[in-house]
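Q: Please take a close look at one part of this model. Start from the sheet and work outwards through what packs around it.

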Amino acid sequence: MSRIVGIDLGTSTSEIACIVDGAPVVIPNALGNLVTPSVVHIGKEGEVLVGEPAAEYLFTRPECTFMEVKRLTGSDKILRAHNVDYTPEELQSKILQYLCDCAEAFLDERPDRAVITVPAYFTDVQRRMTAKAGELAGLKVERILNEPTAAALDYGLSNLAQCKNILVYDLGGGTLDITVLELFEGVIDVKASCGNNQLGGKDFDEIIMGMLADASGDERALMRLKKAAEECKIALSTEEDFEIVLPFLLTAAGGKPISVEKTLTREEFEQGVKDKVDSTRTPMMAALADAGLSPSDLDIVLLVGGSTRIPCVKRLVEESLSLVPQSLVDPDLTVVRGAAIQAGILEGILTGEQELVLTDVCPYTLGTAVVNEGLYEDRLVFDPLIPRNITIPVEQTKLYYPRHDYQTTVCIEVYQGDCASPENNERLGDVLLTGIPPARTGKEPVEVTFAYDMNGILQVKAVVVSTGKEVSAEISTTGIQPRAVLDLSKWESAKGAKRQRPVIRKAEKKIESDHDETGELELLVRQIKEALLLCDEKQVESLREELVELLEEPA
């Protein structure tokens with residue numbers, strides 16, 4: 001069989017690597033560069049350009065040149081070029097095909113198997129669509145690997161004898177991932193993951209663009225503005241100010257040209273992105289709380305992703321964890337190197353002294369909707385089968401009963417999330433089980449099994465216990481979009497916030513005064529704010545009781 005390659009399919013850039021002589025080697029693209037822009041250009045005759053040549057068309061043919069498509073993974077967004085429609089996974093497959101072309105030139109054989117990395121906080125839908133992009137590119141996707149876990153593999157291969165608690169802070173072009181793991185004598189044990197699939201360097205670019213001009217509606221001007229914003233962002237990581245000059249950017253009413261000339265300081269940039277950078281502290285503390293650790297338990301913080309080069313990002317991490325992040329891995333290449341290491345493990349070529357053992361977790365709670373019979377009214381509630389941050393692969397089974405007498409069909413609705421109300425979680429799909437023998441309620445049990453594999457893909461099975469009749473499926477994901485990220489800063493305007501404000505303020509003061517011992521508090525505060533924004537009154541009250549109890553515990 002052909003060798004397995006590792007691929008980092010990123011928002012801004014993509015890379016490919018393989019194991020050579022027991023070590024990961026990043027494969028150069030056609031121009032000799034290790035990093036390839038994740039840009040695709042479609043020509044009039046359907047010809048495809050990827051990477052640097054495609055990026056040149058962002059300014060001249062933006063209507064048929066696509067960038068940052070990863071942000072659309074799992075959505076029903078359709079992208080059009082020359083009257084031909086493309087899905088996000090079809091465009092991503094073009095990037096994968098190009099990377100495989102580069103690997104074929106480097107290896108003298110075309111790879112047809114791959115490990116592809118995704119953000120740890122990618123949903124089941126997004127993972128499936130990434131795997132589909134691989135299949136469209138002619139690849140057998142052997143493993144979907146979480147990006148922070150890949151970075152840990154890269155670090156772990158060079159530090160096999162260490163025993164340390166590690167936090168990986170991965171802020172790339174389009175996503176944020178926080179993963180807490182333990183490395184002990186060649187075993188990488190992932191404890192917890194948290195993150196935000198809609199936060200990254202792209203958002204920082206847009207903030208700079210807003211500081212410069214409003215070019216909405218003019219694609220060419222927007223591309224020029226974005227390129228200038230990216231250059232400015234990168235420069236301000238090492239310089240105190242940066243001059244932006246964009247002559248004849250726009251045309252005003254009457255045909256008068258508008259140019260942009262502005263010097264942006266690092267202080268102005270950092271003030272502009274402060275809220276977004278500060279928002280990354282919450283998932284950091286949530287991941288630690290889920291892992292059962294406090295900041296003082298950490299030995300190493302690894303920074304991954306190009307956006308971690310921004311000075312205020314590094315400061316935020318250091319101040320939040322009271323630990324200086326270490327530059328022990330290459331922020332841009334560590335993920336693809338880790339993917340290649342996972343490929344080597346699957347191939348069996350990293351053994352003996354180089355052997356690594358990896359465990360990972362399910363980052364989301366998965367469950368179904370059930371009817372909770374109350375005294376006055378019945379209520380639909382979310383019943384978890386697989387809790388978030390449980391080690392994978394995992395399989396969980398529960399017994400349920402049809403709600404009505406003589407009911408012969410049940411629909412197993414599958415949800416992903418942590419809210420008590422199913423409608424406030426992300427619905428992944430459903431499985432329909434028919435042929436249940438008609439009987440009185442409570443007489444014919446149905447056994448439901450959720451199985452979550454190492455690729456983060458869910459299989460659901462339902463069985464009529466009395467007859468053995470079974471139905472199973474990988475949940476249909478067509479057209480489902482990832483759940484929007486809640487803006488926690490708006491919690492005070494939510495219904496019922498006034499009653500909860502005193503206890504939340506009390507908790508936040510305790511968090512500010514004692515970072516080391518407040519991981520559980522931070523998690524509860526975040527959850528109660530989410531519940532307020534989602535108008536889940538019962539969840540709010542339940543969380544409030546937990547919060548009050550925790551605050552009243554003796555120090």
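A: Strand 12 and strand 13 (residues 176-184) run antiparallel, joined by 9 bridges. Within that pair, Val168 faces Thr179 of strand 13. Strands count as paired when DSSP finds at least two bridges between them. Strands and helices are DSSP runs, numbered from the N terminus: E over at least two residues for a strand, H or I over at least four for a helix.

Some ground rules. The model is predicted, so local features need pLDDT of at least 70 and side-chain atom pairs need 80 or more, while totals for chains, interfaces and linings use all residues. Residues are numbered from 1 along each chain as its sequence is written, and side-chain values use heavy atoms, without hydrogens or water.

Now the whole sheet. It is open, holds 6 strands in the order 17-12-13-14-18-21, and its pairing is mixed. Strand 17 and strand 21 (390-392) are the edges; each has a single partner strand, so one side of each lacks a neighbour in the sheet. From one strand to the next, the twist averages 30°. In a regular strand, side chains alternate between the two faces of the sheet.

Helix 9 comes next. Its buried residues are Pro311, Cys312, Val313, Leu316, Val317, Ser320 and Leu321. Buried means under 20% relative accessible area; exposed means over 50%, and partly exposed lies in between (1.4 Å probe, protein chains only). The cover over these residues includes strand 12 (163-171), helix 7 (266-278), helix 8 and strand 17 (300-304). Two of these, strand 12 and strand 17, also appear in the sheet order. After helix 9 comes Ser322, with a positive phi near 55°.

Helix 8 deserves its own look. Helix 8 (residues 281-291) packs against helix 9 (residues 311-321) at about 40°, with axes 11 Å apart. That angle makes helix 8 oblique to helix 9. Angles under 35 degrees are roughly parallel, over 145 roughly antiparallel, 65 to 115 roughly perpendicular, and the rest oblique. The axes are lines fitted to C-alpha atoms, for helices over the stretch in contact; angles between N-to-C directions run from 0 to 180 degrees.

Who makes this contact? From helix 8 come Arg281, Met284, Met285 and Leu288; from helix 9 come Leu316, Val317, Ser320 and Leu321. The contact residues of the two helices divide into 6 nonpolar, 1 polar and 1 charged. Here Ala, Val, Leu, Ile, Met, Phe, Trp, Tyr, Cys and Pro are nonpolar; Asp, Glu, Lys and Arg are charged; the others, Gly among them, are polar. Contact means heavy atoms within 4.5 Å. The helix 9 side of this contact is buried: Leu316, Val317, Ser320 and Leu321 are among its buried residues.

Met285 sits in helix 8. It has 1% relative accessibility and therefore counts as buried. Its C-alpha atom is 6.4 Å from that of Glu522, although 237 residues separate the two along the chain.

Leu298 ties the picture together. It lies in the loop between helix 8 and strand 17. Its relative accessible area is 6%, so it is buried. Leaving out residues up to four places away in sequence, Leu298 touches Asn165, Ile166, Leu167, Leu288, Leu321 and Leu323. Leu288 and Leu321 also take part in the contact of helix 8 with helix 9. Along the chain, Leu298 and Thr441 are 143 residues apart; their C-alpha atoms are separated by 52 Å.

One further strand pair is worth a glance. Strand 25 (residues 446-452) and strand 26 are antiparallel partners over 7 bridges. Phe450 is set opposite Val460 of strand 26. The hairpin leaves 5 residues between the strands, and there Gly456 has a positive phi near 75°. In strand 26 (residues 458-464), 5 of the 7 residues are buried, so the rest of the structure largely encloses it.
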